[in-house]
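Me: I'd like to go through this one by asking what earns each label. Here it is.

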There are 2 protein chains.
Amino acid sequence: MTGHVYGIGLGPGDPDLISVKAHRLLTSARHVAFFRKAGRPGQARRLADPLIPEDATEHPMEYPVTTEIPVSDPRYNEVLSAFYADCVARLTALTAMEEDVAVLCEGDPFFYGSFMHLYARLPREQVTVLPAITGMSAAWTATGQPVTWGDDVMTVLMGTLDADTLKRHMQAADALVIMKIGRNLPKIRKALRAAGRADEAWYVEYASMPEENAQPLSDLPEDHVAPYFSIVIVHGQGRRP
Amino acid sequence: MTGHVYGIGLGPGDPDLISVKAHRLLTSARHVAFFRKAGRPGQARRLADPLIPEDATEHPMEYPVTTEIPVSDPRYNEVLSAFYADCVARLTALTAMEEDVAVLCEGDPFFYGSFMHLYARLPREQVTVLPAITGMSAAWTATGQPVTWGDDVMTVLMGTLDADTLKRHMQAADALVIMKIGRNLPKIRKALRAAGRADEAWYVEYASMPEENAQPLSDLPEDHVAPYFSIVIVHGQGRRP
């Protein structure tokens, strides 16, 4: 007999948008684990705050590096690999004691999530992943317009890609979702302009959260500092009766 | 004073994967509206069955055509436009009597949903849209593998697109989601082969439902009849430590 690890998708931010199943698991959890940057409360922990039982034991997993080492440096992979192995050792120490652990995941765990690095290192039969509402679903809902109609092609892009790759995909798809905005915002704007899509783009931050703000990207000041929770949306214009 | 229309995303199928907010609205609804094909119970109605109060008044909205008229025929748009206008008249007759109406939407309402045709015709201030877990999130979760890592580019394609368009996008993206499978499955397979992606593809039907089945597409018999709830997934293989 061993315990179980639940990769719990928290959804986009509003605790009311978590699934009924995730809500039940989380509000009855004895052990709650989550990633965070050292010295910070952690985004996932903050989102789940209203749902974590007071008597649950918390297991923060603190990233040893975030932007201090460039991802191209071989040490980056080494340091992160060792970190994930250590996290898995902590989780399996709990499951060996027949304890279940809820691992908090922003958005949907299998969609650009960090949980996959633990999942890939855990015995498959000891893990259950709960899908969730993605941040992008909350973002296009916040724009008040459907993101895709009919046969629209939708492409999801990371703002960390180079400008030419961004431009090429921006031209090829009907609808676009661009994530990992942050310091990439000027590059994303430039690529959208080069692709002829800048005037259609919407900028959304804190989708589904109290600070939610959605506006045409062209209305956003050039020097705007995009927070962690920000997404750019270009709506498809497919067939509609 | 008028009532309100709620476009309620039901999620992928499992009633346990509906959001806490949608669950609350639906289980206390007095009026529930949903699309269906004439003579059928309706997919959305079936998914929501465990959650609809016994004393709620149900308002089926029956499509006048589905496949009887080709979408290229001008009459198709005419007939559908008149149908949506009639649905909106029924909903606004209820809101005029200060009644709220829950409109059932499979998946996420703003992601290839039919609700948008009502939304576009209703006064914006009388409608609230609840995002939900998409069918594709449940599908990639069912494969037991993350769909995207690192900077992967993900593209969503409708199986109704022509083979060349499918092939071009299948080659350009890292991760793929293909929806509207049905009778398009042979064409989708052919396009995946032409794009060199057939061996990576997974086929998922009834994701998150009791009949859930996920398998490599290459293991699926050539003459398999894909049900309404079926999705093809190709996982990205992006950077991972």
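Reply: Fine, and let's begin with rings: those of Phe, Tyr and Trp (its six-membered ring) pair if their centres lie within 6.5 Å. This is a predicted model, and over all chains it holds 22 aromatic pairs.

Me: Why is the pair of Phe35(A) and Tyr63(A) called stacked?

Reply: Planes under 30 degrees apart count as stacked. Here the ring centres are 5.1 Å apart and the planes sit at 20 degrees, so the pair is stacked. Phe35(A) is in strand β2 (residues 31–37) and Tyr63(A) in strand β3 (residues 57–63) of chain A, so this pair links distant parts of the chain, 28 residues apart.

Me: What makes Arg189(A) and Glu222(A) a salt bridge?

Reply: The cut-off is 4 Å between a side-chain nitrogen of Lys or Arg and a carboxyl oxygen of Asp or Glu. The closest N and O atoms of Arg189(A) and Glu222(A) are 3.8 Å apart, so the pair counts. Arg189(A) belongs to helix α7 (residues 185–194) of chain A and Glu222(A) to the loop between β9 (213–216) and β10 (230–234), so the bridge ties together parts 33 residues apart in sequence. Over all chains, the rule gives 20 salt bridges.

Me: How many salt bridges cross the interface of chain B and chain A?

Reply: Four. One of them joins Arg24(B) to Asp16(A), with the closest N and O atoms 2.5 Å apart, so it meets the 4 Å limit. Elements of chain B that each supply at least two residues to the side touching chain A include α1 (20–27), α3 (74–96) and β6 (154–158). That side of chain B has 31 nonpolar, 15 polar and eleven charged residues.

Me: How do you know that β6 of chain A and β6(B) pair?

Reply: Pairing takes at least two bridges. These strands have three, in the antiparallel sense, so they qualify. In one of the bridges, Met154(A) is matched with Val156(B).

Me: And how much area do chain B and chain A bury between them?

Reply: About 4,700 Å², 62% of it on carbon and sulfur atoms. In terms of contacts, 57 residues of chain B meet 57 residues of chain A.

Note on methods:
Residues are numbered from 1 along each chain as its sequence is written. Chains are lettered from A and ligands numbered from 1 in the order in which they are written. This is a predicted model: local features need pLDDT of at least 70, side-chain atom pairs count only at pLDDT 80 or more; totals for chains, interfaces and linings use all residues. Side-chain values use heavy atoms; hydrogens and water are left out. Contact means heavy atoms within 4.5 Å. Buried area is the accessible area (1.4 Å probe) that two parts lose on being put together, summed over both. Helices (H or I, at least four residues) and strands (E, at least two) are DSSP runs, numbered from the N terminus. Ala, Val, Leu, Ile, Met, Phe, Trp, Tyr, Cys and Pro count as nonpolar, Asp, Glu, Lys and Arg as charged, and the others, Gly among them, as polar. Rings of Phe, Tyr and Trp (its six-membered ring) pair if their centres lie within 6.5 Å; planes under 30 degrees apart count as stacked, over 60 as edge-to-face and the rest as tilted.
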